[in-house]
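Open the model in your viewer and switch to a cartoon view. The stops below are short selections, taken one after another.

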Amino acid sequence: MPLVPTPPPLTSDGPLFAEVDMGADASAPTVRATVVQASTVFYDTPATLAKAERLLAEAAGYGSQLVVFPEAFIGGYPRGSTFGAAIGSRTAKGREEFRKYHAAAIDVPGPEVDQLAAMAGKYKVYLVMGVIEREGYTLYCTILFFDSQGHYLGKHRKVMPTAVERIVWGFGDGSTIPVIDTPIGKIGGAVCWENRMPLLRTAMYAKGVEIYCAPTADARDTWQATIKHIALEGGCFVLSANQFCRRKDYPPPPEYMFSGIEEELTPDSVVCAGGSVIISPLGNVLAGPNYDGEALISADLDLGEIARAKFDFDVVGHYSRSEVLSLTVRDHPTKAVTFSSADAKTEGSHK
């Protein structure tokens, strides 16, 4: 049964839409934001895009202006997989697993990006989407940003993949740490454990982030402490979206194996419990965390709350002590190969 865009929020056999009214000050702008808690259709990017549109339509029907999806929603988070890799060796099965994972990733720009942009324009929402980005044969864990007019605004590549993620994902650089100024606020994002990197957060604060999007794959209680701290530290709203996944949301064994625990799992075993949540600049939980299943979790963000929080603590303003502490961010792209003869008309070039 579809959700009806009339309060109080209704529940259905599908995702739960949990909404909180903050009692916002009428004199300050208010933004209705939603974080999506749902699983990828693993190895099936067209089906995942179709699922994303259904969820986006549901959120938009309830009046959401900003919708944030989890880490690696398009392309999938390869939870539990080792890709057949150990120090000094790889397996044929692991290489084939990477081939399939690479095939499920998307190019940026590319047709899937165009499709996501069209969705954002169709439903008139700002869209923040976690994807696996393919550039040649290197993959990146990336956030894509779109405006409500259907325009692609930019991307953030995860700067530091965690642990075994480094086997399959490349490293982002300082050229993709955007904070995008929009009519609903300054929006930026960081992925999962890179949110625990103080200097990366400081760079985003210095760019004026107001709505801090934190797609993640971490459903532990300790993650809640991390994002609450970021909200307080940055004086910003934090929107954390995680997948809720059961074993059956991944391909069955032996095609896909959860290393070390596969024999303990049933098709209905929860392998990622969600915990998606929205936090205010004063550290208050506005909606969530949800550990019950797939859900749409929403709150009305009173942007006046940012100034109220900054009165107490402005980490890159009156609390910065720049004469003692400073940060330099190298925000240019890093390339493995550069060519000095980039101009096709340089001497010796062939026409």
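**Stop 1: helix H7**

Select helix H7 and show its side chains. The buried residues of H7 pack against helix H6 (221-234), S12 and strand S17 (295-302). Which residues of H7 are buried? They are Gly-304, Glu-305, Ile-306, Ala-309 and Lys-310. Keep in mind that this is a predicted model.

Residues three or four places apart in an α-helix point the same way, because there are 3.6 residues a turn.

**Stop 2: the six-stranded sheet**

Now select the strands. Six of them form an open sheet with mixed pairing, in the order S9-S10-S11-S12-S15-S16. Strand S9 (179-182) and strand S16 (285-290) stand at the edges. Each has a single partner strand, so one side of each is left without a neighbour in the sheet. From one strand to the next, the twist averages 15°.

**Stop 3: S9 and S10**

Start at the S9 edge. A hairpin of two residues joins S9 to S10. The two strands pair in the antiparallel sense, over four bridges. Pick Thr-182: its bridge partner in S10 is Gly-185.

Stay on strand S10 (185-189). Why is S10 described as largely enclosed by the rest of the structure? Four of its five residues are buried. Buried here means under 20% relative accessible area.

**Stop 4: S10 to S11 to S12**

Step across to S11. S10 and S11 run parallel and are joined by three bridges. Label Gly-188 and Tyr-212: Gly-188 stands opposite Tyr-212 in S11.

Continue to S12. Strand S11 (residues 211-213) and strand S12 (residues 237-240) also run parallel. Three bridges join S11 to S12. Label Ile-211, which stands opposite Phe-237 in S12. S12 is also one of the elements that the buried residues of H7 pack against.

**Stop 5: helix H5**

Add helix H5 (residues 198-206) to the selection. H5 lies across S9, S10 and S11. Its direction is at about 145° to S11.

**Stop 6: a nonpolar surface patch**

Switch to a surface view. Select Leu-199, Leu-327 and Val-329. Together they make a nonpolar surface patch of about 250 Å². Where is Leu-327 found? Look in the segment after helix H7 (304-312). Is Leu-327 buried or partly exposed? Its relative accessibility is 34%, so Leu-327 counts as partly exposed.

Note on methods: Residues are numbered from 1 along each chain as its sequence is written. This is a predicted model: local features need pLDDT of at least 70, side-chain atom pairs count only at pLDDT 80 or more; totals for chains, interfaces and linings use all residues. Side-chain values use heavy atoms; hydrogens and water are left out. Patches are made of residues with over 30% relative accessible area and no salt bridge: like charges are joined within 9 Å, nonpolar side chains (Val, Leu, Ile, Met, Phe, Trp, Tyr) within 5 Å. Accessible areas come from the Shrake-Rupley method with a 1.4 Å probe; for residues, only the protein chains shown count as cover. A salt bridge is a side-chain nitrogen of Lys or Arg within 4 Å of a carboxyl oxygen of Asp or Glu. Buried means under 20% relative accessible area, exposed over 50%, partly exposed in between (1.4 Å probe, protein chains only). Two strands pair if DSSP finds at least two bridges between them. Axes are lines fitted to C-alpha atoms, for helices over the stretch in contact, and angles run from 0 to 180 degrees between N-to-C directions. Contact means heavy atoms within 4.5 Å.
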